Amino acid sequence: WGLMLVLSVAIYGSHAPLLTLCKVDGMIPFSSASVVVLVELTKLVFSLLFLLLAVSWRHVAPFTLSALLYAANNNLVVHMQLFMDPSTYQVLSNLKIVSTALLYSLFLHQRLGMRKWLALFLLVAAGVSYSCGGLQDPGSPSKMQLHITLVGLLLISVYCLISGLSAVYTEAILKTQALPLSLQNLFLYFFGVLLNLIGYFWSSAEGSFLEGFSSWVLVIVVSQALNGLIMSVVMKHSSNITRLFVISCSILVNALLSVTFFNLQLTLLFFVAVSCIGLAVHLYYGV
């Protein structure tokens, strides 16, 4: 108590002199509102750090691996583009449905019957069908050519493995810990921010941190953040299988927006994909 009170006295007493040192030509050169915002943000950061220190590290430590797996996977997506074309990536990335289901069954001891496995393979078929030409630009050739190197094949295999492992591992942590989801999210995203910031500065990226941002980028940031929070609820209270169905059903929204904004046309493969998803939902959930 004594140390804290002395420190508080020192801070209160130094406030006015520090403001005077900030003056340029007798004027305060910054916005007082922005300083207040940064002060509140700093208090929030300190409060989160103190919360992390107050919680047992046996609850916090598992999220470091989870954040590391997610960070590795997100960066791997970028590097894979050097060894395959985007269409090939879209087709082969559907294999993460199989890897996730296998790891889910193996590590979480969830037995999936033949009916449910058939449903999951239908999801893979839906993703492949849509990726192979569910949407078509009227002005472009309809035939799609796939290209992938041996290194690309290895990378896509590692990507699908890490994708499934990160999802299943995170689900296991969320369900086995007797902690509120909001607190678990705090641990996960704290390490996520830390690791990705390290990766950003390690890559020696040129330009400012927010260079090239637009209102659409901010929409992406907010929507992806919201979706991440929703997926944590799904994994804690449902399962990764539900998450896979959500991802597959997003094909419908993707197609609707692509037709609306980019004047793309739906092809027969789109309706094949929709049929596979509908049948998969029926087989897995009995709907």
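**Pocket lining, side-chain contacts and backbone features**

Helix α9 makes the greatest contribution to the lining of the second largest pocket, supplying 7 residues. The model examined here is a predicted one. Within it, the second largest pocket encloses about 280 Å³ of space. Its lining comprises 14 residues, of which N75, L195, N196, G199 and Y200 are the closest to the pocket centre. Two helices, α4 (62-80) and α9 (181-202), each provide at least two residues of this lining. In terms of residue class, the lining consists of 10 nonpolar and 4 polar residues, with no charged residue among them.

Charged side chains were considered next. Side chains of opposite charge can pair when their charged atoms come close. The structure contains 1 salt bridge, formed between K175 and E171, whose closest N and O atoms are 2.7 Å apart. This separation satisfies the criterion for a salt bridge, because the nitrogen of a Lys need only lie within 4 Å of a carboxyl oxygen of Glu. Both residues belong to helix α8 (residues 150-176), where they are 4 residues apart and therefore separated by about one helical turn. The two partners are assigned to separate accessibility classes: K175 is partly exposed, with a relative accessible area of 40%, whereas E171 is buried at 1% relative accessibility. The assignment of E171 follows from the threshold for burial, which is under 20% relative accessible area. A further arrangement involving a charged group is found at K116, the charged end of which sits over the ring of Y284 at 4.9 Å from the ring centre.

Aromatic contacts were then analysed. A pair of aromatic rings is described by the distance of the centres and the angle of the planes. Over the whole structure, 10 aromatic pairs are found. One of these joins F46 and F50, with 6.3 Å between the ring centres and 20 degrees between the planes. The pair is classed as stacked, because planes under 30 degrees apart meet that description. F46 and F50 both lie in helix α2 (residues 32-54), and their offset of 4 residues there places them about one helical turn apart. With a relative accessible area of 46%, F46 is partly exposed, while F50, at 55%, is exposed; the boundary for the exposed class is over 50%. Elsewhere, ring pairs connect Y130, F270 and F271 into a cluster.

Backbone geometry was also examined at individual positions. H109 adopts a phi value near 55 degrees, which is positive in a residue other than glycine. H109 is situated in the loop between α6 (96-107) and α7 (114-131) and is exposed, its relative accessible area being 69%. A positive phi, likewise near 55 degrees, is computed for N263, again a residue other than glycine. N263 occupies the loop between α11 (240-262) and β2 (265-266). The relative accessible area of N263 is 58%, and N263 is accordingly classed as exposed.

Finally, P86 is located in helix α5 (residues 86-92) and is exposed, with a relative accessible area of 55%. Its C-alpha atom is separated by 42 Å from that of A178, a residue 92 positions away along the chain.

Terms used:
Residues numbered from 1 in each chain as written. Predicted model: local features only at pLDDT ≥ 70, side-chain atom pairs only at ≥ 80, totals over all residues. Heavy atoms only, no water. Salt bridge = Lys/Arg side-chain N within 4 Å of Asp/Glu carboxyl O. Buried < 20%, exposed > 50% of the residue type's maximum accessible area, 1.4 Å probe, protein only. 1 Å grid on protein atoms, 1.4 Å probe; cavity = no way out; pocket = protein on both sides within 12 Å on 5 of 7 lines; lining within 4 Å. Points joined across faces, edges and corners; volume = space filled by probe spheres on them. Nonpolar A, V, L, I, M, F, W, Y, C, P; charged D, E, K, R; others polar. Phe/Tyr/Trp six-rings, centres within 6.5 Å; stacked < 30°, edge-to-face > 60°. Lys NZ or Arg CZ within 6 Å of the ring centre and 35° of its normal.
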